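This briefing looks at salt bridges and at the packing of one helix. Please read it alongside the sequence and the coordinates shown below.

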Amino acid sequence: MEFHSKEDIDAPIAEVFGAISDFAMLERSALRRGIELQRSGDLARPEDGLAWDLAFRFRGKPREIKLTMASYAPPSGMVLEGSGSGVDGRTEVELLALSPQRTRMSVRLKLSPTSLTGRLLVQSLKLARSNLNRRFKLRLADYARITEERLSRSA
């Protein structure tokens with residue numbers, strides 16, 4: 001199962017990459033949403049195997065995921081891979097400079113089951129595909145808007 005969306009941000013590519021790779025801020029955001037996390041690796045050197053162990057509840061059940069930085073290529077993007085609760089996932093974030101002051105952020109999330117439990121979860125997500133696609137695009141648009149506002153305030 002795959003989700004994909006693109007958003008344009010009115011900021012230079014280097015600033016956008018800096019904002020989306022502010023892992024300390026993303027960790028605080030996850031904690032506010034009730035996600036328990038434990039980081040391994042150095043935030044100052046994410047290319048050296050930065051990883052997180054995440055625990056949260058989804059659809060009434062506790063889930064655990066191991067998230068690992070698979071690729072870190074400033075300022076063009078990064079790839080995160082995760083596995084747990086019977087599902088493997090891969091998130092690719094790609095940045096493209098449209099102009100010196102405008103950047104396109106493209107995000108692709110791919111989920112694939114690794115067990116019967118994971119297959120049931122992914123199948124239930126497929127049944128709600130149109131709603132989940134819409135929510136994915138709205139969340140990415142909201143994240144892009146917040147990132148743009150944060151970058152314009154700091155300029």
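Is E149 buried, exposed or partly exposed? With a relative accessible area of 37%, E149 is partly exposed. The model is a predicted one, and in it the count of salt bridges comes to 13; the points below take up some of these pairs, together with the helix to which E149 belongs.

**A salt bridge within helix α4**

- E149 forms a salt bridge with R145, and the closest N and O atoms of the pair are 3.2 Å apart.
- Because R145 and E149 are four residues apart in helix α4, about one helical turn separates them.
- An α-helix has 3.6 residues a turn, so residues three or four places apart point the same way.
- R145, like its partner, is partly exposed, its relative accessible area being 41%, against the 37% given for E149.

**A salt bridge from α4 to the loop after α1**

- R150, which lies in helix α4 (residues 129–154), is paired with D22, which lies in the loop between α1 and α2 (23–32), and the two are 128 residues apart, so that the pair links distant parts of the chain.
- The closest N and O atoms of this salt bridge between D22 and R150 are 3.7 Å apart.
- D22 counts as partly exposed at 25% relative accessibility, and R150 likewise counts as partly exposed at 25%.

**A network that includes R102 and D10**

- The side chains of R102 and D10 meet in a salt bridge with an N to O distance of 2.1 Å.
- This pair, too, links distant parts of the chain, since R102 is in strand β7 (residues 102–113) and D10 is in the loop between β1 (2–9) and α1 (13–20), 92 residues apart.
- R102 has a relative accessible area of 29% and is partly exposed, while D10, with 42%, is also partly exposed.
- The pair belongs to a network of salt bridges in which D8, D10, R102 and R104 are linked.

**Length and packing of helix α4**

- The 26 residues of α4 should span 38 Å at 1.5 Å a residue, and the end C-alpha atoms of the helix are 37 Å apart, which agrees with that expectation.
- The buried residues in α4 include L132, F136, L140, A144, T147 and L151, whereas R145, E149 and R150 are partly exposed.
- Packing against the buried residues of α4 are β1, α1, β7 and α3 (116–127).

How values were computed: Residues are numbered from 1 along each chain as its sequence is written. This is a predicted model: local features need pLDDT of at least 70, side-chain atom pairs count only at pLDDT 80 or more; totals for chains, interfaces and linings use all residues. Side-chain values use heavy atoms; hydrogens and water are left out. A salt bridge is a side-chain nitrogen of Lys or Arg within 4 Å of a carboxyl oxygen of Asp or Glu. Buried means under 20% relative accessible area, exposed over 50%, partly exposed in between (1.4 Å probe, protein chains only). The expected span of a helix is 1.5 Å times one less than its number of residues. Contact means heavy atoms within 4.5 Å.
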